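Here are my notes after going through the model with you in mind. Have it open while you read, and follow the points in order.

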Amino acid sequence: GNVGDLLGDRIAIMAEGQLRCCGTSLFLKNRFGVGYNMTITKGPNCDIPAVNSTILDRIDGAQMKGNVGQELSFVLPKEESQKFPDLFTDIESKKEKMDIKSYGVSVTTMEEVFLKVGDGVGDGE
């Protein structure tokens, strides 16, 4: 975790001038944290549908979040983290066939938690 998590200092989130929620960063990550971000660096002939189905078949609730430039990004629910090793083995075995240069997983950042809270603004509250 980051320093913010360990210090446990309370973070208040404001969206459009309204206090949205207040809690430690760890609590906020658990409440808003989507889980893990998986980033895949594509080769020039990357088979995106194959990559997509490999991840979605293995991880319930995974979603493709973006496909920009050389990068594909997916959100993987934290409840599914015990399935990641199998997913990595699977990707590793098909890496050349799907033309993937590299891949990695990171935990949702506080910044993304803020963005996600900001997204909740104006949805009929």
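1. Start with strand 3 (residues 35-42) and strand 5 (residues 71-77): they run antiparallel and are joined by 7 bridges. Bear in mind that this is a predicted model. If you want one rung to look at, pick T39, whose bridge partner in strand 5 is S73.

2. Now look at the other neighbour of strand 3. Strand 6 (residues 100-107) is also antiparallel to strand 3, with 7 bridges between them. T39 is handy here too, since G104 of strand 6 stands opposite this residue.

3. Zoom out to the sheet. What is the strand order? Reading across, the order is 4-5-3-6, in an open sheet of 4 strands with antiparallel pairing. Strand 4 (63-68) and strand 6 each have a single partner strand, so they sit at the edges with one side lacking a neighbour in the sheet. Ignoring direction, neighbouring strands are turned against each other by 20° on average.

4. Next, the helices on this sheet. Helix 3 packs on the sheet and touches strand 3, strand 4, strand 5 and strand 6, and its direction makes about 15° with that of strand 5. Helix 4, for its part, lies across strand 3, strand 5 and strand 6, and runs at about 160° to strand 6.

5. The two helices also meet each other. The axes of helix 3 (residues 48-58) and helix 4 (residues 84-98) come within 11 Å and cross at roughly 165°. An angle over 145 degrees counts as roughly antiparallel, and that is why helix 3 is described that way relative to helix 4. The crossing of these two helices is right-handed.

6. Who does the touching between the helices? On the helix 3 side you'll find A50, V51, T54, I55 and R58; they meet D86, L87, D90, I91, K94 and M98 of helix 4. By class, the residues of this contact divide into 6 nonpolar, 4 charged and 1 polar.

7. Last, the aromatics. Searching the whole structure turns up 3 aromatic pairs. One of them is Y36 with F84: the ring centres are 5.3 Å apart and the planes stand at 90°, so this is an edge-to-face pair. What does the pair tie together? Y36 belongs to strand 3 and F84 to helix 4, so the pair links parts that are 48 residues apart in sequence.

Key:
Residues numbered from 1 in each chain as written. Predicted model: local features only at pLDDT ≥ 70, side-chain atom pairs only at ≥ 80, totals over all residues. Heavy atoms only, no water. Axes fitted to C-alpha atoms, helices over the stretch in contact; angles between N-to-C directions. Parallel < 35°, antiparallel > 145°, perpendicular 65-115°, else oblique. Left-handed = near helix turned anticlockwise from the far one by under 90°. Contact = heavy atoms within 4.5 Å. Nonpolar A, V, L, I, M, F, W, Y, C, P; charged D, E, K, R; others polar. Pairing = 2+ DSSP bridges. Phe/Tyr/Trp six-rings, centres within 6.5 Å; stacked < 30°, edge-to-face > 60°.
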